[in-house]
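Visitor: Pick one part of this model and walk me through it slowly, please. I'd like to see how it sits among its surroundings.

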Amino acid sequence: MTGLLIAGVAALYLVYGLLLWRIQEAVLFPAPDAPAAVLAEAAAGAGAQELWLPVRPDSGYIGKIYTWYLPPDPGSPSGDAPAGLVIYNHGNAEDLRNRTSLYRHLNRRGWGVLAISCPGYPGTPGAPSEAGMRAAVLAAWDHATGPLGVPAGRVVLHGYSMGGGAMGTALGAVQPGGLVLESTFASITDMGRRFAPLHPVRLLLRHPLRTIDRIGQLRAPALILHGSLDRLIPVDHGRRLAAALPGAVFVEVPDGGHIPPPIQPGSPYMAMYDDFLDRVMAE
C-alpha cells in the first residue's frame, strides 16, 4: 500500500511538472485579440503614427515590431522635436490602447512616446517569448536613437508588469537615461517557485526573464513602484529589484494592488514620475 501511495505521488509530481513545461507560454503571456483595423483606428484617435520596426539580424525573431510613435504636442515646451523619449511596454492581457492617457500626458510635457507591442501581442506576429521581447525593445531603442535622433541619455525605458520584464531583457545591451518599472517581477523563475516549490523551476522554464540579474548593469536613475497589496506579483519583488540597483528610488504604494498601474493621471505618483523625467533631462 505504501509503495502504491509513493508511486501515485511520484506520478502526480511528474505530471504536474510536465504540464508546467508544456503550457508555460499560455500561462506567462496571455494576450488579448485586437484586429489590425481596430489598432489603426485607435492609433488615429490617439494621434499616434503606426510603425513597423525592423529587428537586429541576430535577434532570432523574423518579422517587424508593431509600435505607436506619438510625437510631443507642437505647443509643448520642446515643440515638434522630442526633448526626450519614453519607450513603453504594457502588461499582460493588454495592448497599446491601454495607456493612451499616459502617452498624451507625456506629449503635453514635451516627451515623445514609442509604445511597443512584443511578438505574440496585438499587431506583432509570432509567438511570445523572452527572445521576442528583447528583439522588440532593441528595435525600439535603435529607432529612437537612430531615425528619431534622440540621444541615448534622454531615452527612458518604462514597463508595467510583464512589460517591465521586457525592459529588463535589454539592460546591459543598452544604457538608457532612466528606467521606470511598475509592478514588475524580479524574475519569472522566482514567480514560478510560488506555484511549484518542489519542482526544478529553473530547468523547466524557457523564459526565465531574470531582471534581477541585469538591473545592476544600469548606470542611470531608476524609479520602481509596487503596490503593497499586490497579490499577483508580491511587493517583495519590487523591493529586491530596488535593492539590486544602488540609488534606485523605490515607492511602495499603500494598499495598492496589481491593477491599475500606480502611474495614472490624477494620482500622486504622476507628479513623482514627472519629477523623475525632469531629473533624467537635467543629467
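Guide: Let's take helix α2, where Leu39, Ala43 and Ala46 are the buried residues (buried is under 20% relative accessible area, exposed over 50%, partly exposed in between, with a 1.4 Å probe and protein chains only). Seen down the axis of α2, these buried residues fall within an arc of 70°, so they line one face of the helix (the arc is that of the directions from the helix axis to the C-beta atoms). An α-helix has 3.6 residues a turn, so residues three or four places apart point the same way. Ala37, Glu41, Ala44 and Gly45, on the other side of α2, are exposed.

Before going on, some bookkeeping. This is a predicted model, with residues numbered from 1 along each chain as its sequence is written, and side-chain values use heavy atoms, leaving out hydrogens and water. Local features need pLDDT of at least 70 and side-chain atom pairs count only at pLDDT 80 or more, while totals for chains, interfaces and linings use all residues. Helices (H or I, at least four residues) and strands (E, at least two) are DSSP runs, numbered from the N terminus.

Back to α2: the cover over its buried residues includes β1, β2 and α3. α2 spans residues 36–46 and lies across β1 and β2, at about 25° to β2 (axes are lines fitted to C-alpha atoms, for helices over the stretch in contact, and angles run from 0 to 180 degrees between N-to-C directions; contact means heavy atoms within 4.5 Å). Just past the helix, Gly47 has a positive phi of about 75°.

Now follow the strands under it. β1 and β2 (residues 64–70) pair antiparallel over six bridges (two strands pair if DSSP finds at least two bridges between them), and Leu53 stands opposite Ile65 in β2. On to β4: β2 pairs with it in the antiparallel sense over five bridges, and there Val113 is the bridge partner of Leu70.

β4 (residues 111–117) is worth a pause, as seven of its seven residues are buried, so it is largely enclosed by the rest of the structure. In a regular strand the side chains alternate between the two faces of the sheet. In β4 both faces are covered, with Trp111, Val113, Ala115 and Ser117 buried on one side and Gly112, Leu114 and Ile116 buried on the other.

β3 and β4 run parallel, joined by six bridges, one partnership being Asn89 with Ile116 in β4. From β3 the chain crosses through α3 to β4 in a right-handed β-α-β crossover (right-handed if, with the strands pointing away from the viewer, the path from the first strand over the helix to the second runs clockwise). In the loop between β3 (84–89) and α3 (100–108) sits Ala93, whose phi is positive, near 60°, though it is not a glycine. With 52% relative accessibility, Ala93 counts as exposed.

Zoom out and you get an open sheet of eight strands with mixed pairing, in the order β1-β2-β4-β3-β5-β6-β7-β8. β1 (49–54) and β8 (249–253) are at the edges with a single partner strand each, so one side of each is left without a neighbour in the sheet. From one strand to the next, the twist averages 20°.

As for trust, the mean pLDDT is 87, and 83% of the residues reach 70 or more (pLDDT is the predictor's confidence in each residue, from 0 to 100).
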